[in-house]
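Got your viewer open? Let's take a walk through this one, one selection at a time.

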Amino acid sequence: PPTPVHGPKIRTRGSKFDEHFKQARKFYISLTDWEQDHITDALIFELSHVEDFGVREKVIHHILNHIDHELAVHVSKSIGVYPPKHVQHNREVKPSPHLSQTDFPTHTIETRRIAFLIGPGFNGAQAKELSHFLIVHEATPLFVGSHLGTIADHSGAMHSVQATW
């Protein structure tokens, strides 16, 4: 038979759950100031559309404050939630510059997708020449038009459209 268990019942997360916040914190503190501002603005935008005050408050106090206290305070002031008073995040987490977008080389077009916005009567010869240049330099040309299918260039030749705007 099962052994009865005695003692107080506590609803709490295990210590392993903190790993979620450590990973998010490592990512956030590894970003440059402008990248952090972008995330802050996105959080403010999205949370400003949440009508339930309790949900906004829980996101600030139970999620963002575990990631970064300053982030939680800044976002809370913009969405009408009382800012958290105590720091909840793990201060032992160290940043990694490799998580920032600025760590990637910017002096090459390799692996990038370059869009050509095309419409009826576009200069097909130029587009072909530029496409060849991109392919040689390991970039991917992408023809974007008002509709999928094909579009005729200035000479009447048809070109496939891979995406729409």
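## First stop: threonine 40

Select threonine 40, which is buried, with a relative accessible area of 6%. Here buried means under 20% relative accessible area and exposed over 50%, with partly exposed in between, using a 1.4 Å probe and protein chains only.

Before moving on, note that this is a predicted model, where local features need pLDDT of at least 70, side-chain atom pairs count only at pLDDT 80 or more, and totals for chains, interfaces and linings use all residues. Residues are numbered from 1 along each chain as its sequence is written, and side-chain values use heavy atoms, with hydrogens and water left out.

Now colour helix α2, residues 33-47, where threonine 40 has its place. Helices (H or I, at least four residues) and strands (E, at least two) are DSSP runs, numbered from the N terminus. Which residues is threonine 40 in contact with, leaving aside its neighbours within four places in sequence? Show Tyr28, Leu71, His74 and Val75; contact means heavy atoms within 4.5 Å.

## Next: where two helices meet

Add α4, residues 69-79. α2 and α4 pack at an angle of about 40°, and their axes are 9 Å apart. The axes are lines fitted to C-alpha atoms, for helices over the stretch in contact, and angles run from 0 to 180 degrees between N-to-C directions. To see the meeting itself, select Thr40, Leu43, Ile44 and Leu47 on the α2 side, then Leu71, His74, Val75, Ser78 and Ile79 on the α4 side. By class, this contact has six nonpolar, three polar and no charged residues. For these classes, Ala, Val, Leu, Ile, Met, Phe, Trp, Tyr, Cys and Pro count as nonpolar, Asp, Glu, Lys and Arg as charged, and the others, Gly among them, as polar.

## The largest pocket

Keep Thr40 on display and add Tyr28, Ile29, Asp33, Gln36, Asp37, Asp41, Asp68, Glu70, Leu71 and His74: together they line the largest pocket. A pocket is an open set of points on a 1 Å grid over the protein atoms alone, where a 1.4 Å probe fits, with protein on both sides within 12 Å along at least five of seven lines; lining residues have an atom within 4 Å of a point. The volume of this pocket is about 190 Å³, meaning the space filled by probe spheres set on the points, with grid points joined across faces, edges and corners.

Which helix gives the most to the lining? That would be α2, with five residues. Colour the lining by class and you get three nonpolar, three polar and five charged residues.

## Two more buried spots

Jump to alanine 72, found in helix α4. Alanine 72 is buried, at a relative accessible area of 0%. Beyond its neighbours within four places in sequence, alanine 72 is in contact with Ile60, Leu64, Asn65 and Pro84. Try a distance label too: the C-alpha atoms of alanine 72 and valine 87 are separated by 9.6 Å, though the two are 15 residues apart along the chain.

Then go to arginine 25 in helix α1. Is arginine 25 buried or exposed? At 9% relative accessibility, arginine 25 counts as buried. Leaving aside neighbours within four places in sequence, its contacts are Ile67, Asp68, His89, Asn90 and Val93.

## Last stop: two loop residues

Select threonine 111, in the loop between α4 and β1 (113-117). Threonine 111 counts as exposed, at 71% relative accessibility, and its phi is near 70°, a positive value in a residue other than glycine.

Finish at glutamate 138, in the loop between α5 (124-136) and β2 (140-145). Glutamate 138 is exposed, with a relative accessible area of 54%, and has a positive phi, near 60°.
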